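The following note is offered to a colleague who is meeting this structure for the first time. The points are numbered so that each may be checked against the model in turn.

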Amino acid sequence: MLAYIIKRILYAIPILIGVNLITFMLFFMVNTPDDMARAQLGAKQTTPAMIAAWKAEKGYDKPLFYNEKATGTAKLTDTLFVNESLKLFWFDFGLSDANRNIAEDIRARMGPSLAIALPTFLIALVTNISLALLLVLFRGSVLDMSAMVVAVMIMSVSGLFYIIAGQVLFSKIWHWVPISGYESGWSGVKFVLLPVAIGVFAGLGSGVRWFRSIFLEQINQDYVRTARAKGLSEIAVLFRHVLPNGMLPILTGVVVIIPSLFMGSLIMESFFGIPGLGSYTIDAINAQDFAIVKAMVFLGSVLYIVGLILTDISYTLFDPRVTL
Amino acid sequence: MDIMNQGPLINIENLSVSVEEERLLDNVSFDIARGETFALVGESGSGKSLTSLAIMRLLPEAIRVESGDVKLRGKSLFALPEYEMGHIRGSRIAMIFQEPMSALNPVMTVGAQVEEVVRLHLKLSRAEAKARVISLFKEVSIPNPEVRYGWYPHQLSGGQKQRVMIAMALACEPDLLIADEPTTALDVTIQAQVLELLEKIKKERGFSILFITHDLSVVSQVADRVAVMQKGRIVETADAETFFKGPKHPYTRQLLKDALGSPERAPTPPAPSLLEVRNLKVHFPVKKGILQRSSGVIKAVDGVSLSIDKGKTMALVGESGSGKSTLGQAILSLVPVTEGEILFDGVNLVSLSKAQLQPYRQKIQVIFQDPFAALDPRMRVGEIIAEGMESLGIGPKSKQARREAIMKLLQKVELEAEAIDRYPHEFSGGQRQRIGIARALAVEPELIICDEPTSALDVTVRAQVLALLKRLQEEMGVAYLFITHDLSIVPAIADEVAVMQRGQIVEQGSVAEVMKKPKEAYTKTLLAAAPKLPETIQKGFYDHSVRP
Amino acid sequence: MTLFFLWTDILVWTLVAAALLGGWMLLRSPVSRQKWVTIFRSKIAMASVIVLFFYLVFALLDSVHFKVDKPNGGTPIVSLLDMAMAHQKDFSERTYSAPFATHEYTKSIVVDAKGVSTQRYLPLKYVSSGQMLSGSIQGLLTGALIAVFLIGIHLLWRAKGSVGAHFKAVMHGNTQLPWRTAYGVFALMTLLLAWLYVMSFSYHVLGTDKVGGDVFYAALKSIRTGVLIGTLTTLVTLPLAIFLGVSAGYFRGWVDDLIQYLYTTLSSIPGVLLIAAGVLMMQVMMDNHPEWFASTIERSDLRLLFLIVILGVTSWTGLCRMLRAETLRIAKMDFVTAAKAFGVSKWRIMARHIVPNLTHIILISIVLDFSGLVLAEAVLSYVGVGVDPTMYSWGNMINQARLEMAREPMVWWSLFASFIFMFILVLAANLFSDRVQQVLDPRNAQ
């Protein structure tokens, strides 16, 4: 088990290097630092001197991969690639373009992100699975059919509308919850309620359909026929046989996103003014702060890979056929 | 004994079921007496499994019962509310299925799966239930029952899984056991063990069995009475003895005749050798870990030597996993050979480059087991057959002439020439197998590897395909390497036979020698395990029937 | 006036050509023809396709551009749709007005001749009131005429033998395909559009936005953006996904390792961030190359093109993974072994046996992705990495409308218009893709 985890972590390294290369190419090779300087300073009256000064300030004045001017190993290390990309490996995110410590910002903002994302995730999971099981129990009935129609309709509306409609109804018209903002601790619950409710509802359509299709696929398997031939009631068949087997495809789809919950939701946080990583990212994109975007890309990839490893581990817990 | 125990155990009365407008079961009636083994025989799609599901009231939702009733000890099952039917299922009537692989829940220990039914119907405590499960495991001869109790299905072999299913079925001492093709997915030796086990337990406990199968020789071993189904109808019911002596219905007669197979083939004059395999080894590396280190090998074929003569048939017999299919693939140069030689007309195929191999691709061809996987569903029959001709440059070059050649070929395999423009899905399994044969013949091969070509076919179709293969051999002088697990067809088709076990050939020789006077223990076991129709009946039957 | 092709115009017409060709090739085989007949046998699928067809027509009308020489100099680029909507495109009000309003939504301070300033609702400039009834009658009549004419032509074309008998069969719903539903939806859509169109000469049927632009026109123009993102992205995705997926699954070994590495790496980067990074870089690049485009419309078109490419390049991994798995399965099938035994070359096996047997997965993924991409456009525009802010798109409309909802009283019609237009498109696409999946997915065949 431990050996397997170590192996997986080693295997993640080339992937992270790949992620680094991709971001590096995007940020430094598609456009030269000169281009970025011009874009940042305003395309018009930029003198070469201003560009050079901007680059020097950001540390973008080094060559990409190979520094001829440096000596010894510094030829390879005193380069943009090492300075800007490889150091991400030890979570050294450096300073943002607005000269803030990115790592500190990230630490401070993970909490609020989780406060929204985690409850949304858990409530959605439980609701979706329960509703899906209910529909599978009544499969083919009017209830099932009409629920599927409603699910498609829920899926067909952009999440933005749910947020806007939710804010208008619950905050602006009925004044049940504040329209936006955040506080830590229990007093913050009122800020969290609406985004969580909207998040759960917006995902209901696709979620229920997905879980339902997983369970329906199981219900046609031979072992379910065996279970029925044993004399088990339909509910017992569902909970004792279909659900545990359905857990396997569910794990594949669900566990992988758990670590990414830290990243928060871009839209939700920005609409509700939650000071989490999602809104951090959006602000960075709007301010064209490349350093932050780069850091978030790397962080996102790391969390995704952690998710993949967790998925594999969860398989060993639920599927006796898989051993590590 | 009260009066209720006098009549038959279960009556199936005028049962009809349909899906949409199509009638799937039509007025099916039979009863099963106490302690009787009742065999329901039929080809695929005849409705025999459907009958068993209808008895259990487990029909798929789309299928509805039109009329009829099932009475257990005189009590209508169809009239029961669902929860009471739940007390019957698994308790009074139990069931075992064809695929022990998929019939068990993969994420639950086998012990828990059997325990579930015990606790459900007998309301035992956990400890009592466990003790009972272990004693059941002992009864069905599962070794080390205490340990196996905590195992998952994937850790057990196919035969052991079927034993678990039997244990589950016996758990509540049912009155009726429905066995739906319980041994079809198993190797012959395992099949013999499972049948023996069923027989033994039935004797001890005295329940009734509804035995569903397509295999008449199994029927002759187990059944007290037999009913034959065709297209949703029962065409003949009789007790086993009279049934095998003289079936009345023409369909039944045909079925029995085809099951017997054609008579042994007459010895053919000796011919020069065509293919010679010398000490062939095919090993597959087992890769492990992130660096894909080879941590061992699977010796699929491990030192095989055999030779096939021009225009002759060599039967390659073995159980699943014996490496017989891999050997066929190696001769086709489709898997890398680890060691050894394959000499075709004296040329070692193993040493040839890809380009040099091309002419030999024409000389060695293949026919597959699964008629549905063997033909590309998106190509017309004409395109399928033309593919090899185009690739290898065989036959006429002009489009029209090639088309005519293909149509002629189709007629040769007893299909309509018009089939050329149709798609595979429009044909039945047997017809598809003929298309597969035509595809192989199109490039005028000298050797055809027949990889279980008849094992997915019903017995009547199987007889037709075998006759076709035989006729083609006589007409075209092509040699066959006939890979099969079915010993019963060997005498009818083969000149030589080789028996394979764990990658090696344990015995080979002429059919007469090997089948009648086997030397090796494994061959003897195989022959003994294969269910046979009674010898006397075979003889009697041939005397009355006239073969074309 | 000369024909002018924007980059995306070229692509969209290429796509239309490719779709027609692909459709023709697909329908040659009776197997897939039968499948498609089965798909369309569902009334919901038929109705959805008619709705999608209307969207497509608008997108295509908006993809034929002309360079018009104006007498006062300047050569604006306008599409066929712009020409048809010229009465709304070229004239705008001062500010917000509600649907069918005759006056502005907010009071303005007016200083009259005497120098007294009053707060009044100013009348709208381009609205002719009192046309409600006559306009409606005119519009509905026009719509009815068009619908009857087109449906009539189709009836004649479909009728094999007696037209009367065919008409009866359609009316009783006794045709193989649910033509009655199709005609019904078609007539309904035509009536609605004709009414809206005729009314748009007299009113702002969906109101006006902050700077007085007609919301109905904006919503119609947004169709092209949404449909293009939904379809053209697939055009970028497909070749990548098919080539890499099939190669990985068929060649195995190091090719497989490399391709798997590639897609694991790409899919490990959160999608929105990768798109955002790509779009940010593209912006910088476009800022530094102003010579690439001559006008705002070309600029926003180029940005749309880049966005589509970025979306495509970041979203092929899912399909690639599926195609790889399916290729692994098919490559083990006997008919591939048979081809190998005939010495058929690898590339030929891939082209003749593997790819044709993947079509159902590819088709399912095309229809499945479409609605997701349309919805994604809105989110990306909100994040600031969507289409150009000057471009008409539902995302941009929602983005602006968001602030309008905070006003007192609320300005709801921009949001409403984008909601309705998007919802109908996405709903139709989802319903259709459901049906396609249900019929084409072999796991559902029982």
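1. In this predicted model, a network of salt bridges links five residues of chain B: R23(B), D26(B), R64(B), E66(B) and R233(B). Side chains of opposite charge can pair when their charged atoms come close. Over all chains, a search of the whole structure finds 47 salt bridges.

2. A further salt bridge in chain B joins R225(B) to E36(B), with 2.7 Å between the closest N and O atoms. R225(B) belongs to strand β9 (residues 225-230) of chain B, while E36(B) sits in the loop between β2 (22-32) and β3 (37-42), so the pair ties together parts that are 189 residues apart in sequence. The two partners fall into separate accessibility classes: R225(B) is partly exposed, at a relative accessible area of 23%, whereas E36(B) is buried, at 10%.

3. E181(B) and K48(B) also form a salt bridge, and their closest N and O atoms are 3.7 Å apart. Since E181(B) lies in the loop between β7 (176-180) and α8 (188-205) of chain B and K48(B) in helix α1 (residues 48-56) of chain B, the pair ties together parts that are 133 residues apart in sequence. Are these two residues buried or exposed? Both E181(B) and K48(B) are buried.

4. Helix α1(B), which contains K48(B), deserves separate attention. Eight of its nine residues are buried, so α1(B) is largely enclosed by the rest of the structure. Besides K48(B), the buried residues are L50(B), T51(B), S52(B), L53(B), A54(B), I55(B) and M56(B). An α-helix has 3.6 residues a turn, so residues three or four places apart point the same way. Just after α1(B), R57(B) adopts a positive phi of about 55 degrees.

5. Chain B as a whole may be summarised next. Its secondary structure amounts to 21 helices and 20 strands, and 54% of its 548 residues count as buried. The C-alpha trace spans about 80 × 55 × 45 Å along its principal axes. How does the radius of gyration of chain B, 26 Å, stand beside that of a compact globule with 548 residues, and what is the latter value? Such a globule would have a radius of gyration near 24 Å, and the 26 Å of chain B agrees with this.

6. In chain A, R100(A) and D105(A) form a salt bridge whose closest N and O atoms are 2.7 Å apart. R100(A) has 48% relative accessibility and therefore counts as partly exposed. D105(A), by contrast, is buried, with a relative accessible area of 9%.

7. Also in chain A, T316(A) is placed in helix α14 (residues 290-318). Its relative accessibility is 21%, so T316(A) counts as partly exposed; the class of buried residues ends at 20%. The C-alpha atoms of T316(A) and V302(A) are separated by 22 Å, the two residues being 14 residues apart along the chain.

8. Finally, the surface carries a positive patch formed by K354(B) together with R252(C), K332(C), K340(C) and K346(C). Of these, R252(C) is found in the loop between α9 (215-251) and α10 (253-268) of chain C. R252(C) is partly exposed, with a relative accessible area of 43%; this satisfies the requirement of over 30% for residues that make up a patch.

How values were computed. Residues numbered from 1 in each chain as written. Chains lettered and ligands numbered in written order. Predicted model: local features only at pLDDT ≥ 70, side-chain atom pairs only at ≥ 80, totals over all residues. Heavy atoms only, no water. Patch = residues over 30% accessible without salt bridge, like charges linked within 9 Å, V, L, I, M, F, W, Y side chains within 5 Å. Areas by Shrake-Rupley, 256 points an atom, 1.4 Å probe, with all protein chains shown as cover. Salt bridge = Lys/Arg side-chain N within 4 Å of Asp/Glu carboxyl O. Lys, Arg positive; Asp, Glu negative; His and termini not counted. Charge placed at Lys NZ, Arg CZ, Asp CG, Glu CD. Helix = DSSP H or I, 4+ residues; strand = E, 2+ residues; numbered from the N terminus. Buried < 20%, exposed > 50% of the residue type's maximum accessible area, 1.4 Å probe, protein only. Rg over C-alpha atoms; globule rule 2.2 N^0.38 Å.
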